[in-house]
Amino acid sequence: MRLDGKIALITGAARGQGAAAARRFVEEGARVMITDVLDDQGKELAAELGPEFNAAYCHLDVSNEDEWAEAVAFTISTFGDITVLVNNAGILHFSALADTTLADYQRVVGINQVGTFLGMRAVVESMTRAGGGSIVNVSSVEGLGGMPYLVAYTASKFAIRGMTKVAAMELGQHGIRVNSVHPGAINTPMVGEALGRPVDITPIGKKVALRRVGQPDDVANVVLFLASDDSAYCTGAEFTVDGGATATH
Ligand code: NAD
């Protein structure tokens with residue numbers, strides 16, 4: 001029960017890595033507000049995990065400031081002050097820089113980057129009142145280095161890494177820790193959704209040190225560590241979860 005007594009809000013938690021984190025959090029004793037724009041999947045997961053009122057669902061488009069205020073208020077009234085925030089929601093868009101429209105760029109940045117900013121800002125008051133907490137921002141290996149055809153995504157993930165450090169420095173005095181997680185290729189629907197067709201990413205795994213792609217639990221377990229008091233002296237730090245993909249020079 002490494003998260004006993006914790007109250008967590010996870011974004012983009014209806015499926016993929018966010019859903020894996022929600023499952024692990026409930027297993028470890030947290031009460032979890034699952035949020036997403038995929039309402040049916042989110043409600044289903046909350047019903048599965050929440051027979052003892054450990055999980056609930058709330059619609060939250062992370063790019064919408066008003067919805068953040070509503071989701072935070074609903075979490076506080078349902079469970080109490082928030083002590084863990086996982087900014088996990090994200091989208092991918094592949095296009096050459098020269099072909100990327102302003103609308104494409106703003107859509108990706110609006111969800112990945114602005115969503116993370118709005119989320120951190122929305123929970124500060126509640127976490128401070130609770131005496132502290134942990135914010136985990138899901139960036140990517142694309143927040144550590146560039147990748148062709150991912151200009152908006154890479155920009156948004158670098159921004160998350162930068163904001164994490166600013167927030168860590170400002171919020172440490174309130175007992176709030178802020179760290180970023182940088183997954184490599186993880187087996188979720190994200191790449192297929194961006195390309196509009198199912199995609200088998202397993203060949204990518206053959207090129208990394210551990211010779212496999214990651215599974216959602218590989219990331220969820222690191223997010224769990226950062227949410228828990230096991231990481232009590234970690235803040236402003238970057239945690240790579242990529243099977244060694246970025247270990248090379
Ligand atoms: P996923 O597509 O399965 O999950 C993303 C979730 O975010 C979905 O449930 C989706 O509905 C939700 N979402 C999309 N737009 C939203 C919005 N406006 N508001 C709220 N929720 C929204 O993909 P995933 O792999 O589980 O992605 C989780 C995070 O991990 C993302 O931030 C992604 O960028 C990051 N990541 C993924 C990989 C990978 O290879 N899968 C690698 C590095 C980083």
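Me: Which helix gives the most residues to the shell around the ligand?
Reply: This is a predicted model, in which local features need pLDDT of at least 70, side-chain atom pairs count only at pLDDT 80 or more, and totals for chains, interfaces and linings use all residues. Residues are numbered from 1 along each chain as its sequence is written. Helices (H or I, at least four residues) and strands (E, at least two) are DSSP runs, numbered from the N terminus. Two helices, α1 (16–27) and α6 (190–195), each supply at least two residues of the shell, and the one that gives the most, with 3 residues, is α1.

Me: How many residues surround the ligand, and which are the closest?
Reply: A residue counts as near the ligand if its C-beta atom, placed from the backbone, lies within 6 Å of it. The shell holds 28 residues, and the closest are G12, G16, G90, T188 and M190.

Me: How do the residues of the shell divide into nonpolar, polar and charged?
Reply: Ala, Val, Leu, Ile, Met, Phe, Trp, Tyr, Cys and Pro count as nonpolar, Asp, Glu, Lys and Arg as charged, and the others, Gly among them, as polar. On that basis the shell has 14 nonpolar, 10 polar and 4 charged residues.

Me: Which residues does A22 touch?
Reply: A22 is among the residues that touch the most other members of the largest nonpolar core, which has 65 residues. Such a core is a set of buried Ala, Val, Leu, Ile, Met, Phe, Trp, Tyr and Cys residues joined through C-beta atoms within 7 Å. Contact likewise means C-beta atoms, placed from the backbone, within 7 Å. Not counting residues up to four places away in sequence, A22 touches I10, A13, V32, I34, L45, L49 and A55.

Me: How many residues of α8 are buried?
Reply: A residue is buried if 20 or more other C-beta atoms lie within 10 Å of its own, exposed if 12 or fewer, and partly exposed in between, with C-beta atoms placed from the backbone. What covers the buried residues of α8 includes β1 (7–10), α1, β4 (84–87), β5, β6 and β7 (238–241). The helix is mostly covered, and of its 12 residues the buried ones number 9.

Me: Why is β6 largely enclosed by the rest of the structure?
Reply: On one side of β6 lie I176, V178, S180 and H182, on the other R177, N179, V181 and P183, and all are buried. The strand is therefore largely enclosed, the buried count being 8 of the 8 residues.

Me: Which residue stands opposite V178 in β6?
Reply: Strands pair if DSSP finds at least two bridges between them. β5 and β6 pair in the parallel sense over 6 bridges. Opposite V178 stands I135.

Terms used: Two residues are in contact if their C-beta atoms, placed from the backbone, lie within 7 Å.
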